[in-house]
Amino acid sequence: MSSVSENLELVQAQIKAAASGADRLPSSVCLVAVSKRQSTERISEALKAGIRVFGENRVQEAYEHWDELRGAYEDLRLHLVGPLQTNKAREAVALFDVIETLDRQKLARILADEMAAQGKDLPCYIQVNTGAEPQKNGVLAAALPEFYDFCYTQCGLNIAGLMCIPPVDDDPEKHFKILANLAADLGLTELSMGMSGDYEAAIACGATSIRVGTALFGTRDTI
Ligand SMILES: *Cc1c(COP(=O)(O)O)cnc(C)c1O
């Protein structure tokens, strides 16, 4: 298994190539290292390699990975990239720096209340179900303007941008373009899209944040 720092070099080279191909600066793409179901050894390798932005998809596991390390790395930034249950909102607001999976009104309200209670104003991404898949989280494209207005105007949330996870059996580029257009319509500049298999295409379509797990860490533990 290659080391995280070797993998990082490769990923960074590919980010650079994809960015320059799209006339963009590599620094305009934030690499979020998705550390879910990775060992503490791999995570400390990533920290040694200089990675400071991490993504987790479960609140509980994120605490297990990061609760202690948090204090040791001032510049650490944690993104929640998995579905958030409202009964975990308090813990999520306490631990994470960015919430990428805002997808329903009840959650928006509770997040706004929690942030007010904890004196925080975390950037949020609205997750969009670009493929309209019944089993997938995210708001439908048609419902996005109203949902955005609810989050921004009524709840006062800090909406940084949009996030999507394309259907596995479809051309991801199509979904990246849909997300980019939806964001442009709302005047939002941040786009969280692209994973290990398709982050180069995502960068070509304007991703400002890519969520990369296995390409950095190797295969995950299965649970
Ligand atoms: C696991 C996960 C990723 C990372 O997936 P890889 O294919 O390992 O890069 C990205 N985004 C979300 C939402 C995830 O759950």
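**Close-up views of two pockets and a ligand**

**View 1. Helix α1 gives the second largest pocket the largest share of its lining.** That share is 4 residues. The model shown here, as in every view below, is predicted. Two elements each give two or more residues to this lining: α1, spanning 4–21, and β1, spanning 30–34.

**View 2. The second largest pocket has a volume of about 200 Å³.** Its lining counts 14 residues. Closest to the centre are Leu8, Gln12, Ile15, Val29 and Leu31. Sorted by class, the lining of this second largest pocket holds 9 nonpolar residues, 3 polar ones and 2 charged ones.

**View 3. The largest pocket has a volume of about 570 Å³.** Its lining is made of 26 residues. Lys36, Ile165, Pro166, Met195 and Arg211 lie nearest the centre of the largest pocket. The classes in this lining are 10 nonpolar, 9 polar and 7 charged.

**View 4. The ligand sits in the largest pocket.** Which residues surround the ligand? From the earlier part of the chain come Val34, Lys36 and Val81. Further along are Met163, Ile165, Met195 and Ser196. Arg211, Val212, Gly213, Thr214 and Arg220 complete the shell. By class, the shell residues divide into 6 nonpolar, 3 polar and 3 charged. Lys36, Ile165, Met195 and Arg211 surround the ligand, and these residues are also among those nearest the centre of the largest pocket.

**View 5. Ser196 reaches the ligand with its side chain.** An N or O atom in that side chain is 2.5 Å from an oxygen atom of the ligand. Ser196 belongs to the shell of residues around the ligand.

**View 6. Gly213 and Thr214 meet the ligand through backbone atoms.** For Gly213, a backbone N or O atom lies 2.8 Å from a ligand oxygen atom. For Thr214, a backbone N or O atom also lies 2.8 Å from an oxygen atom of the ligand. How much of the ligand does the protein cover? On its own, the ligand has 390 Å² of accessible area, and the protein covers 89% of that.

Technical notes. Residues are numbered from 1 along each chain as its sequence is written. This is a predicted model: local features need pLDDT of at least 70, side-chain atom pairs count only at pLDDT 80 or more; totals for chains, interfaces and linings use all residues. Side-chain values use heavy atoms; hydrogens and water are left out. A residue is near a molecule or strand if one of its heavy atoms lies within 4 Å of it. A polar contact is a pair of N or O atoms within 3.5 Å; within protein, one must be able to donate a hydrogen and the other to accept it, and residues adjacent in sequence count only if both atoms are side-chain atoms. Accessible areas come from the Shrake-Rupley method with a 1.4 Å probe; for residues, only the protein chains shown count as cover. On a 1 Å grid over the protein atoms alone, a cavity is a set of points where a 1.4 Å probe fits but cannot get out, and a pocket is an open set with protein on both sides within 12 Å along at least five of seven lines; lining residues have an atom within 4 Å of a point. A molecule sits in a cavity or pocket if more than half of its atoms lie within 2 Å of its grid points. Ala, Val, Leu, Ile, Met, Phe, Trp, Tyr, Cys and Pro count as nonpolar, Asp, Glu, Lys and Arg as charged, and the others, Gly among them, as polar. Grid points are joined across faces, edges and corners, and a volume is the space filled by probe spheres set on the points.
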